[in-house]
Amino acid sequence: ETNKVSSRNTDNSQSFQRAPSRIKVEKKLTETHSYNSLQGSLRYDYYNESCPLAEKIVRTTVHELFNGRRNVAPALLRLLFHDCFVEGCDASVLLDAADGIASEKDSPPNESLKGFDLIDIIKLKLEKECPGIVSCADIVVLAARESVLLAGGPFYPLYTGRRDSTVSFQEVATYELPTPQDDLSKLIETFASRGFDQRETVSLLGAHSTGTIRCKFFFNRLYNFSGTQEPDPSIDTEFLSLLRSKCNRSQTSSSPLSISPSLSPSPSSSVNRLSTASFKDPVMKMDYEGPGTGFGTVYYSSLLQGKGLLFVDQQLTAGEETETWVRAYASDVSLFQRDFGLTMNKLSNLQVLTAPMGQVRLNCRKVN
Ligand code: HEM
């Protein structure tokens, strides 16, 4: 186990805006709030001297990629979650299997993770500009921030200076990443173990406003909920028909329990997962009401109508406190955007590695 600097940000009182001028907002927040003492040796604009164009390169590359394929944004956002939740934001999720390394990519919850090729593209550009300077862990958080903006979410400031791990944590990924079948208490417990309270947990799940979910992850809710041969009674009836029409028994090839940790891991981790992933299963779009319907609000108002896709999503309305936040976010988009920015910032700072620990990997898939 590597040593990590615990850098949990406890001062979340500042208000983040959807910012037209990111530099101004970032500088202001940095000047007025003592992030430095809270975040180890992460710094505002860490690459200012060593690679001044670093953040701009990440930004423009993500935009270019997004213009080619819209699924770039959800892929990069999910990648951040799966990196940071497993022993911190250290790019451990990017390591391929190698001698002595059992890759996190081969753990069941990561089986459908995408975006590794996108990180490679960004890294290649950064290596050309300033070799050996910008860590893969910083690329993951910066690319996710850009993706949130492109998906219609808020801007939030980020410190940089993360370093990359030299180890990967396949077991942790297998057993500690949440699953779609988790109930409310399990969900709360998992997020609390990473320092997120209920309000923060509810806001983070707002990430499920964008992207797609394969039918197999909620298939049992449609046809055979908890072995009853009946649908999940919490699903709105009309929505149930819609979901059943998208996800019928003949199309959905794999078992609804196929994300269970007991299943064998996915094959080779070196495939280009974004462009070659040809999932047999049909998918449901998270923004099924149409793109541009608002990052956040639609997700929460759908939950209030019994239209959550995953069981775990719908569970947010099963507890008094979580339901209060679902209601608040459904009716107040700026409250959601502010909270989401804060929690994404906090997620991006989980247990980071800073110098002299870790390394700056030259190839994000391999230890130097
Ligand atoms: C209880 C917690 C969570 C569970 C069980 C969960 C599970 C899932 C599952 C099963 C999918 C569909 C994958 C597929 O069809 O291949 C998914 C997609 C996604 N998740 Fe989560 N998730 C959780 C929390 C989060 C959080 C906290 C974030 C980000 C902050 C996030 C971001 C995403 C995104 C953006 C997608 C769409 C990916 C794409 O379209 O490429 N999820 N999630």
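Okay, let's jump straight in at one spot: T297, Y300, S301, L303 and L304 in α13 meet V326, R327, Y329 and A330 in α15. If you sort the residues of that contact by class, you get six nonpolar, two polar and one charged. Just so everyone knows, what we're looking at is a predicted model.

How do people usually talk about a pair like this? Two packed helices are described by the angle between their axes and the distance between the axes. Here, α13 covers residues 297-304 and α15 covers residues 320-331, and they pack at an angle of about 130 degrees with their axes 8 Å apart. Because of that angle, α13 is oblique to α15. As for handedness, α13 passes α15 in a left-handed crossing.

Okay, zooming out for a second. The chain has 16 helices and two strands. There are 368 residues in the chain, and 45% of them count as buried. Now take the contacts between residues at least 6 apart in sequence: 82% of those join residues at least 24 apart.

Next pair of helices. The axes of α4 and α6 come within 8 Å and cross at roughly 135 degrees, where α6 is residues 136-150. So α4 is oblique to α6. And α4 passes α6 in a left-handed crossing. Who makes the contact? On the α4 side we have A73, L76, L77, L79, L80 and D83, and on the α6 side V140, V141, A143, A144, S147, V148 and L150. Going by class, that contact has eleven nonpolar residues, one polar and one charged.

Hang on to α4, please, as we need it for the ligand. Which helix gives the most to the shell around the ligand? That's α4, with five residues. In sequence α4 runs over 72-84, and both α4 and β1, which is 212-214, supply at least two residues of the shell. There are 24 residues around the ligand, and the ones that come nearest are S112, P178, A207, G211 and R214. What sort of residues make up the shell, by class? We have 13 nonpolar, seven polar and four charged residues.

Last part: the backbone oddities. Most residues other than glycine have a negative phi, and most peptide bonds are trans. Let's look at some places that go the other way.

First up, S226. This residue isn't a glycine, yet its phi is positive, about 50 degrees. You'll find S226 in the loop between α10 (219-223) and α11 (237-246). Is S226 buried or exposed? S226 counts as exposed, because there are 11 C-beta neighbours inside 10 Å, and the cut-off for exposed is 12 or fewer.

Then there's Q229, which also sits in the loop between α10 and α11. Phi of Q229 is near 60 degrees, so to speak on the positive side, in a residue other than glycine. Q229 has 8 C-beta neighbours inside 10 Å, so Q229 counts as exposed.

And the peptide bond? A cis peptide bond joins A355 and P356, with omega about 10 degrees. If you want to find P356 on the screen, look in the segment after α16, which is 333-348.

To wrap up, go back to the structure and try three things. Find α4, the helix that gives five residues to the ligand shell, and follow α4 to the left-handed crossing with α6. Then go to the loop between α10 and α11 and pick out S226. Finally, locate the cis bond between A355 and P356. Thanks, everyone!

Note on methods. Residues numbered from 1 in each chain as written. Predicted model: local features only at pLDDT ≥ 70, side-chain atom pairs only at ≥ 80, totals over all residues. Near = placed C-beta within 6 Å. Helix = DSSP H or I, 4+ residues; strand = E, 2+ residues; numbered from the N terminus. Nonpolar A, V, L, I, M, F, W, Y, C, P; charged D, E, K, R; others polar. Axes fitted to C-alpha atoms, helices over the stretch in contact; angles between N-to-C directions. Parallel < 35°, antiparallel > 145°, perpendicular 65-115°, else oblique. Left-handed = near helix turned anticlockwise from the far one by under 90°. Contact = placed C-beta atoms within 7 Å. Buried ≥ 20, exposed ≤ 12 C-beta atoms within 10 Å, placed from the backbone.
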